[in-house]
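Please look over the sequence and the structure shown below, and keep both at hand while reading this report. Each section takes up one topic and can be followed on the model itself.

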Amino acid sequence: MWKIIWIDLWTTNSCVAFMEWGEAKVIPNAEWNRTTPSIVAVDKEWNTIVGTPAKRQAITNPLGTIFSAKRFIGRKYSEVSDEIKNAPYEVVKWKNGEALIKFNGKDVRPEEISSHVLMKLKEDAEKFLGWTVTEAVITVPAYFNDDQRQATINAGKIAGLEVKRIVNEPTAAALAYWAGKGKNEKVAVYDLWGWTFDISILELSEEGTFEVLATNGDTHLGWDDFDHMIVEYIVDEFKKQEGVDLRKDAMALQRVRDEAEKAKKELSSTTSYDINLPYITVDATGPKNLMMSISRSKFEELIWDLVERSMTPCKKVLDDAWLKASELNTVLLVWGSTRVPLVVKKVEEFFGKKPSAGVNPDEAVAQWAAFQAGIIGWDVTDVLLLDVTPLSLSIETMWWVATKMITRNTTIPASKSETFSTAVDNQPSVEINVLQWEREMAVDNKTLGKFILDGIASAPRWTPQIEVTFDIDANWVLTVKAKDKGTGKEQHITIQGSTGMDEGEVDKLVKEAEEKAEEDKARKSSVEARNLADSTVHQSEKTLEDNKDKVPEADANEANEAISELKKVLENPEASKEELEPATKKVNDIMMKVGQAIYAQPWADWTEAWWDKKEDDWVVDAEEDNGDDKKTERV
């Protein structure tokens, strides 16, 4: 028999499910638990152990036990400095800058570690179902970039699984909530998990259509941060009392981590938690015991700022979806940290309604992924998912402007084509620089890939027609194609994660984009003014040359003098909009007189439409295929 399984490959615990008779069911592991710790280790006989057995021996083998490998998956070493500080095992830099993990005496990729977890889930599913499993749907955070999505797919391949679909976790939770209700609702999904936070708004219909309206998040906020705050508090208090820094003892620190996780869970239902770790360490005076009590109020004090941080993406996602909190029907909380009373309280205050407890927060994502697997396997036929891309995709055009092709929160799969042209006469090739992010200038965005379209026939600038097409599929795999309409020459690139953005950089650039919005706008205005000036020079010189027998000498001299002045301004790469606009206007005004001299009165009507173009009309020089709107641009 053939079945597609769902896997939630989570940082702390993972889960597997499948569809049976239209119902999503979570598969218990070999230990008969519904979730499996995402932990891999090597035992004394050098055998690889996974899950609960690996977690049990973590205290005595902290350097050889790998947990939270998902923090490093698809990321560069330079991007994970904070994560490395909190990992007891060794993380090393590979030859291409990737972050690799020391495991079993060699350097391995994080996806190799994750593949061991996937293999266990696959084996547990096969034992439970009674047949071989070869295909899976895997969920990822909504803000996972191309590198991380591709690394997740590679982990599945290593584990012997064909990954049929990558699905965003908040979307998964929404379907789990909808299943069995089948009604029209607008739902916010607050997804706080191991090391990242996602917030998404979806519109659900009784017909089974799921449209993601917007998504946002914080890539450095998760319940691991809650644990870390408790660990830091315990270690600092112990140092005050005993003068010993437990951070220097890997085994002792691992014991504190385990106790911090227990404290977090206990303080969600009780008002205090007693920590009792005998013989935590030894110094010259003898063994030391760690004994202290943490109250819920102290816990909430430690995590207050973290919970407050999650409200900022909540506000942004409402703005992106063009909704007010009062227009939402339901707010879903997903994953265990959403059981923390302070989180529940803050979410209720922000959205003005009690969060829904209609789904198991630890299994909601797994249940949806099982539905998605059922859709692919034809077990479910009445559900349509319309997800979105969380970041804009652009190309670099003249004067380093980032021209958006697919904007953030666009429903995928998606396709967009625009026609561009050359920037200089007889230009033999164009470089297509594919960008990701929200900034106005190319240099402030992340380059996903570049390619050259050559063999362009010799022609004046702006004459060749280069059609650029962006196609992004349901797995966020992007294909960019460029075609010269004149010669039929074509090139393309498929971006599957080899050069995608890292998650930490996404978070950093989000904040930069918000903080520098006004600065970006000013810089873009200057670039547009330069494009207008450059176009004015080119068109004016061409008009004078083509009509030199018709233009009075005095008018021609005046025009050439003004053009020379404008060229001098353009020679300064730092020339501002305030410098460029008057010089451009002077040339335009003189060329109005020139035109009148050439065509007499009929020229006036034509030049009013020609010379009074808006700046946006001058920035571009190739036709955009976008319905009735026509726009051109140079690359």
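## A place to begin

In which helix is the place of A554? A554 belongs to helix α13, which is made up of residues 553–571. The model in which this residue is seen is a predicted one. Because exposed means over 50% relative accessible area, A554, at 57% relative accessibility, counts as exposed. Along the sequence A554 and V594 are 40 residues apart, while in space their C-alpha atoms are 10.0 Å apart.

S115 offers a second residue to look at, and it is found in helix α3, residues 110–129. Is S115 buried or exposed? With a relative accessible area of 2%, S115 is buried, because the word buried is used for values under 20%. Leaving aside residues up to four places away in sequence, S115 touches A155, I158 and A159.

## The protein as a whole

The protein has 16 helices and 28 strands, and of its 635 residues 57% are buried. If one takes the contacts between residues at least 6 apart in sequence, 66% of these contacts join residues that are at least 24 apart.

## The largest pocket

Rolling a probe the size of a water molecule over the atoms shows where empty space is left. In this model the largest pocket holds about 890 Å³ of space. The pocket is lined by 37 residues, and those closest to its centre are F67, R71, N86, D224 and H228.

Which elements each supply at least two residues of this lining? They are the strand β7 (65–67) together with the helices α2 (81–85), α6 (223–242), α7 (250–266) and α8 (296–321). The most is given by α6, which contributes 7 residues to the lining. Sorted by class, the lining of the largest pocket contains 15 charged residues, along with 11 polar and 11 nonpolar ones.

## Enclosed cavities

How many cavities of 30 Å³ or more does a search of the whole structure find? The search finds 3 of them, and the largest cavity contains about 130 Å³ of space. Of the 15 residues that line the largest cavity, D146, T389, P390, Q436 and W476 are the closest to its centre. The lining of this largest cavity is made up of 10 nonpolar, 3 polar and 2 charged residues.

The second largest cavity has a volume of about 60 Å³. Its lining is formed by L9, W10, T11, S38, S68, A69, K70, I113, S114 and V117, and these residues divide into 5 nonpolar, 4 polar and 1 charged.

## Two helices that cross

The helix α8, which was met above as one of the elements lining the largest pocket, also passes helix α9, residues 341–351, with the two axes coming within 9 Å and crossing at roughly 35 degrees. The crossing of α8 and α9 is right-handed. On the side of α8 the contact is made by R296, E300, I303, W304, V307, E308, M311, C314, K315 and L318, and on the side of α9 by P341, L342, V343, K346, V347, F350 and F351. Which classes of residue meet in this contact? There are 12 nonpolar and 5 charged residues in the contact of α8 with α9, and no polar ones.

## Details of the backbone

Three places in loops deserve a careful look. I412 and P413 are joined by a cis peptide bond, with omega at about 0 degrees. P413 lies in the loop between β22 (410–412) and β23 (414–420).

W322 has a phi near 55 degrees, which is a positive value in a residue other than glycine. W322 is found in the loop between α8 and β18 (330–334), and at 75% relative accessibility it counts as exposed. N426 likewise has a positive phi, of about 60 degrees, although it is not a glycine. N426 sits in the loop between β23 and β24 (430–436). Is N426 buried, partly exposed or exposed? Its relative accessible area is 48%, and N426 is therefore partly exposed, since that term covers the values between under 20% and over 50%.

Conventions:
Residues numbered from 1 in each chain as written. Predicted model: local features only at pLDDT ≥ 70, side-chain atom pairs only at ≥ 80, totals over all residues. Heavy atoms only, no water. 1 Å grid on protein atoms, 1.4 Å probe; cavity = no way out; pocket = protein on both sides within 12 Å on 5 of 7 lines; lining within 4 Å. Points joined across faces, edges and corners; volume = space filled by probe spheres on them. Helix = DSSP H or I, 4+ residues; strand = E, 2+ residues; numbered from the N terminus. Nonpolar A, V, L, I, M, F, W, Y, C, P; charged D, E, K, R; others polar. Buried < 20%, exposed > 50% of the residue type's maximum accessible area, 1.4 Å probe, protein only. Axes fitted to C-alpha atoms, helices over the stretch in contact; angles between N-to-C directions. Left-handed = near helix turned anticlockwise from the far one by under 90°. Contact = heavy atoms within 4.5 Å.
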